[in-house]
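Colleague: I am new to reading structures and would like to go through this one slowly with you. Could we take it one question at a time?

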Amino acid sequence: MDWLSVGENIRKKRLAKSWKQATLAEMVDLSNSYMGMIERGEKVPRLETFVHITNALDTTSDEILEGVLNKGYEIRMSEYIKKIEELPKEEQNQIYDVLDVMLKYGHKKK
């Protein structure tokens, strides 16, 4: 498993919240150095620790495991669909139009 990718995803989520590493470490009852080793992919957190980190970051495990899960985007896509369905019809259509263009031109590049 690519633990470096997992650690980088944890770091990105932490930075998106403008938290210092020490802040997250304290929230999940870890030392700063151990939290750093997790973020650098040097240490593998126990499942319980992984769950605490994920919950503290208010994210999902598939977002943290992005890049190592084969099916991770299926969950993410279902969440996007739910959010899109809550929007007014006009905004939904705008999103779908953007996706159509991206898929059309992205496919041609391959």
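Modeller: Let us begin with a residue in a loop, keeping in mind that this is a predicted model. Asp58 has a relative accessible area of 66%, and because a residue counts as exposed when that value is over 50%, Asp58 is exposed.

Colleague: Where along the chain does Asp58 sit, and what is its phi?

Modeller: Asp58 comes just after α4, in the loop that lies between α4 and α5. Its phi is positive although Asp58 is a residue other than glycine, and the value is about 55°.

Colleague: Which residue in the loop between α1 and α2 has a positive phi although it is not a glycine?

Modeller: The loop between α1 and α2 holds a residue that is exposed, with a relative accessible area of 67%. Its phi is positive, at about 60°, and it is not a glycine. The residue is Ser18.

Colleague: Turning to helix α4, which of its residues are buried, and which are exposed on the other side?

Modeller: Helix α4 covers residues 47-56, and in it Thr49, Phe50, Ile53, Thr54 and Ala56 are buried. These residues cover an arc of only 165° around the axis, and therefore they lie on the same side of α4. On the other side of α4, the exposed residues are Leu47 and Asn55.

Colleague: What covers the buried residues of α4?

Modeller: The cover over the buried residues of α4 includes several helices, among them α1, which spans 3-16, and α2, which spans 21-27. It also includes two further helices, α3 (32-39) and α5 (61-64).

Colleague: How are the buried residues of α3 placed around its axis, and which helices do they pack against?

Modeller: In α3, the residues Met35, Gly36, Ile38 and Glu39 are buried. They cover an arc of only 160° around the axis, so they are on the same side of α3. The helices that these buried residues pack against are α1, α2 and α4.

Colleague: Which helix gives the most to the largest nonpolar core?

Modeller: In soluble globular proteins, nonpolar side chains tend to be buried together. The largest nonpolar core here has 14 residues, and those with the most contacts inside it are Ile10, Leu24, Val28, Met35 and Ile53. The helices α1, α2, α3 and α4 each supply at least two residues of this core, but the helix that gives the most to it, with three residues, is α4.

Colleague: What does Ile10 touch, if residues up to four places away in sequence are not counted?

Modeller: Ile10 is one of the residues with the most contacts inside the largest nonpolar core. Leaving out residues up to four places away in sequence, Ile10 touches Leu24, Met35, Ile38, Glu39, Ile53, Leu57 and Ile64.

Colleague: Is α1 oblique or perpendicular to α3?

Modeller: The axes of α1 and α3 come within 7 Å and cross at roughly 120°. Angles of 65 to 115 degrees would count as roughly perpendicular, and the crossing angle of these two helices therefore makes α1, with respect to α3, oblique.

Colleague: How do the residues of the contact of α1 with α3 divide into nonpolar, polar and charged?

Modeller: From α1, the residues Leu4, Gly7, Glu8, Ile10, Arg11 and Arg14 take part, and they meet Met35, Ile38 and Glu39 in α3. The residues of this contact divide into four nonpolar, one polar and four charged.

Colleague: Is Glu63 buried or exposed, and what does it contact beyond its neighbours within four places in sequence?

Modeller: Glu63 is in helix α5, and its relative accessible area is 17%, so with the limit for buried residues set at under 20%, Glu63 is buried. Leaving aside its neighbours within four places in sequence, Glu63 is in contact with Asn9, Lys13 and Arg76.

Colleague: And Arg76, which residues does it contact in turn?

Modeller: Arg76 lies in helix α6, which spans residues 72-85, and it is buried, with a relative accessible area of 18%. With its neighbours within four places in sequence left aside, Arg76 is in contact with Asp62, Glu63 and Glu66.

How values were computed: Residues are numbered from 1 along each chain as its sequence is written. This is a predicted model: local features need pLDDT of at least 70, side-chain atom pairs count only at pLDDT 80 or more; totals for chains, interfaces and linings use all residues. Side-chain values use heavy atoms; hydrogens and water are left out. Buried means under 20% relative accessible area, exposed over 50%, partly exposed in between (1.4 Å probe, protein chains only). Helices (H or I, at least four residues) and strands (E, at least two) are DSSP runs, numbered from the N terminus. The arc is that of the directions from the helix axis to the C-beta atoms. Contact means heavy atoms within 4.5 Å. A nonpolar core is a set of buried Ala, Val, Leu, Ile, Met, Phe, Trp, Tyr and Cys residues joined through side-chain atoms within 4.5 Å. Axes are lines fitted to C-alpha atoms, for helices over the stretch in contact, and angles run from 0 to 180 degrees between N-to-C directions. Angles under 35 degrees count as roughly parallel, over 145 as roughly antiparallel, 65 to 115 as roughly perpendicular and the rest as oblique. Ala, Val, Leu, Ile, Met, Phe, Trp, Tyr, Cys and Pro count as nonpolar, Asp, Glu, Lys and Arg as charged, and the others, Gly among them, as polar.
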